[in-house]
Amino acid sequence: MLRRRDLLLGVTGTALAAGLPASGGADLAPLSALPGKRPLIRRAFRPPNYETPLADLVPAFTPNDAFFVRYHLALIPEIDPRTWRLAVGGASAAHPLSLSLSNLREDFEPVSLAAVNQCSGNRRGLFEPRVPGVQWGPGAMGNALWRGVRLRDVLERAGIVAGALEVWFKGADRPALEATPQFQKSLPVERALDDSTLIAFEMNGAPLPRWNGAPARLIVPGWTGTYWMKHLTEVRIEPAPLANFWMKSAYRLPAGAFPAHFASQDTPESVPITEILVNSLITAPAAGARLPRGQRASVSGKAWDNGAGIERVEVSVDGRRSWREAALGRDLGRYAWREFSLPLDTSRAGPIGIAVRAVSRNGTRQPDKLTFNAAGYHDNIVQTLSVEVL
Amino acid sequence: MRGAASGAAGLLLALLLAPPGAAADTEGSIHLKDGPGREVTAGHCALCHSLEYIPANAPAMDRAGWQKTVQKMRERFGAPITDEEAKAILDYLGTSYAGKS
């Protein structure tokens, strides 16, 4: 018996052919292709919100044309990289700058870093009880090799004045109505100065695709995608918290329920979402798969966390009664996902209940029960699925 | 807002409506259920986003949920919806797209 959770976790995969009506649930969303992208799961086409199908989450690095697309606002710029400028300033900047793409490439040390970009609302469509928002399955995420420059180096060039509290970011995407708040986000100054926080202009060895933030975007490894500002146009060093809808109302979690790392934006009731929780995704076998008896098979997939690094991945093939440690793939870097695999015994016919749980070096492991929150964030519960050997 | 606009000065943006894309990705591909208030709902909601958000969110929605959403669109996102229109929209969504169990 297939459940909605199985459907969303990809059991039907590419069997959901293009052209199906987008009716009712996330499970029936059609596949369709944005210009320059391969067919992805269309959650919405305006603003464009397209999810990566499970099959495209199998490679160690998610192909650029398969990488998920997420926008809040409907007007997406097509920016000429030759005339693009990044303004760096703010009340806590000593020497405001205007940087071209060539300035970024030539005047700063280049850095490459593999990191998972995961939307805060990834797996929202699996929440029980259901919550409103884009009804993502597990594919509002991907892993890529990002190349750019350290945000810290750029901020230091602009001169960070004492009393700097946050760094504010503005992108070039715009709302359809002037009255709608532009998408702007901030980071605590410590996180902005972290070695891993980049202004990236390349993804997997190619310029950023239009739908993933060309010509330059923010990379905030270990934190959810909401901070990874696309089409970056302005960076401001400021002595005050950014007070807008996207910081004060959206992307918030109940205080005390999850890790919190953004004190200047906290209230007694709620805190901003920040770090990614330890999680994993089974990419094979598919839920509901029928496996030929005696054929080689394995339980495999990806595990990731906030950058502490994956300690181990445990797999159960007996309905969570016992657990065995999966083999881990190559370490692609602490912010990348880690591939795991464990051979699956198909010598006896019958059903197999599979479960996977990842354990992070930060001391956390995937929980059995969802911590409900109204925005539908942080679904990292242990994934289970059933297959049958025939 | 010292210097807020300075960086945008040299920026050439071609702001385009996202995207014509594949033939399926058009407003015409989304058919809202018939019912009183359908036109005013489609007209206002489609100003900023495709109408597929409505059926996609129905399983998470009851009348109270739609009330909060309509209020958010008016107060936070500046949707130009009058009180009378808001009531018609809420009646329509609360009747046709309230699938929360």
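# A tour of chains A and B

Start with chain B. From the N terminus on, its elements run β-α-α-α-α. That makes four helices and one strand. The model is a predicted one. Colour chain B by accessibility: of its 101 residues, 38% are buried.

**Stop 1: a charge over a ring in chain B**

Select B:K33 and B:Y97. B:K33 lies over the face of B:Y97. The distance to the ring centre is 4.9 Å.

**Stop 2: where the chains meet ring to ring**

Now select B:F77 and A:F245. What is the geometry of the rings of A:F245 and B:F77? Before the answer, check how covered each residue is. A:F245 has 12% relative accessibility and counts as buried. B:F77 is buried too, with a relative accessible area of 12%. The ring centres of A:F245 and B:F77 are 5.0 Å apart and the planes meet at 70°, so the pair is edge-to-face; the cut-off for that class is over 60 degrees. Show the backbone around both. A:F245 belongs to helix α5 (residues 245-248) of chain A, while B:F77 is in the loop between α3 (63-75) and α4 (83-96) of chain B, so this pair joins two chains.

**Stop 3: the aromatic cluster in chain A**

Over all chains there are 14 aromatic pairs. One of them is A:W146 with A:W228, edge-to-face at 5.6 Å centre to centre and 70° between the planes. This pair links distant parts of the chain, 82 residues apart. A:W146 is in strand β9 (residues 141-150) of chain A. A:W228 is in the loop between β14 (217-219) and β15 (232-238) of chain A.

Are A:W146 and A:W228 buried or exposed? A:W146 is buried, at a relative accessible area of 0%. A:W228 is at 1% relative accessibility and counts as buried because the limit is under 20%.

Widen the selection to A:F67, A:F68 and A:W136. Together with A:W146 and A:W228, they form one aromatic cluster.

**Stop 4: the β14-β15 loop**

Stay on the loop and pick A:Y227. This residue also lies between β14 and β15 of chain A. At 1% relative accessibility, A:Y227 counts as buried. Draw a C-alpha to C-alpha line from A:Y227 to A:R217: it spans 9.9 Å, for residues 10 apart in sequence.

Next, select A:K230 and A:Y71. The charged end of A:K230 sits over the ring of A:Y71, 4.4 Å from the ring centre.

**Stop 5: the largest cavity**

Which residues lie nearest the centre of the largest cavity? Select A:R70, A:R217, A:G225, A:T226 and A:K230: these are the ones. In total, 19 residues line this cavity. The lining divides into nine nonpolar, six polar and four charged residues. The volume of the largest cavity is about 200 Å³. The count of cavities of 30 Å³ or more is five.

**Stop 6: a four-strand sheet**

Show chain A as a cartoon. Four strands form an open sheet in the order β1-β2-β3-β4, with antiparallel pairing. Why do β1 and β4 of chain A have a side without a neighbour in the sheet? β1 (31-32) and β4 (69-70) stand at the edges with a single partner strand each, so one side of each is left free of a neighbour.

Zoom in on strand β3 (residues 48-51) of chain A. Two bridges join β3 to β4(A), and the strands run antiparallel. Look across from A:Y50: A:V69 in β4(A) stands opposite.

**Stop 7: a covered strand**

Select strand β18 (residues 279-284) of chain A. This strand is mostly covered, with five of its six residues buried. Five bridges join β18(A) to strand β20 (residues 297-304) of chain A, in an antiparallel run. Label A:N279 and A:W304: A:N279 stands opposite A:W304 in β20(A).

**Stop 8: a five-strand sheet**

Finish on the open sheet β19-β26-β25-β21-β22 of chain A, which has five strands and mixed pairing. The edge strands are β19 (290-291) and β22 (324-325) of chain A, each paired on one side only. How many bridges pair β25 and β26 of chain A? Strands β25 (residues 350-360) and β26 (residues 383-389) pair over seven bridges, in the antiparallel sense. For a single example, select A:I354: its bridge partner in β26(A) is A:L385.

Technical notes
Residues are numbered from 1 along each chain as its sequence is written. Chains are lettered from A and ligands numbered from 1 in the order in which they are written. This is a predicted model: local features need pLDDT of at least 70, side-chain atom pairs count only at pLDDT 80 or more; totals for chains, interfaces and linings use all residues. Side-chain values use heavy atoms; hydrogens and water are left out. On a 1 Å grid over the protein atoms alone, a cavity is a set of points where a 1.4 Å probe fits but cannot get out, and a pocket is an open set with protein on both sides within 12 Å along at least five of seven lines; lining residues have an atom within 4 Å of a point. Grid points are joined across faces, edges and corners, and a volume is the space filled by probe spheres set on the points. Ala, Val, Leu, Ile, Met, Phe, Trp, Tyr, Cys and Pro count as nonpolar, Asp, Glu, Lys and Arg as charged, and the others, Gly among them, as polar. Rings of Phe, Tyr and Trp (its six-membered ring) pair if their centres lie within 6.5 Å; planes under 30 degrees apart count as stacked, over 60 as edge-to-face and the rest as tilted. Buried means under 20% relative accessible area, exposed over 50%, partly exposed in between (1.4 Å probe, protein chains only). A charge sits over a ring if NZ of Lys or CZ of Arg is within 6 Å of the ring centre and within 35 degrees of the ring normal. Two strands pair if DSSP finds at least two bridges between them.
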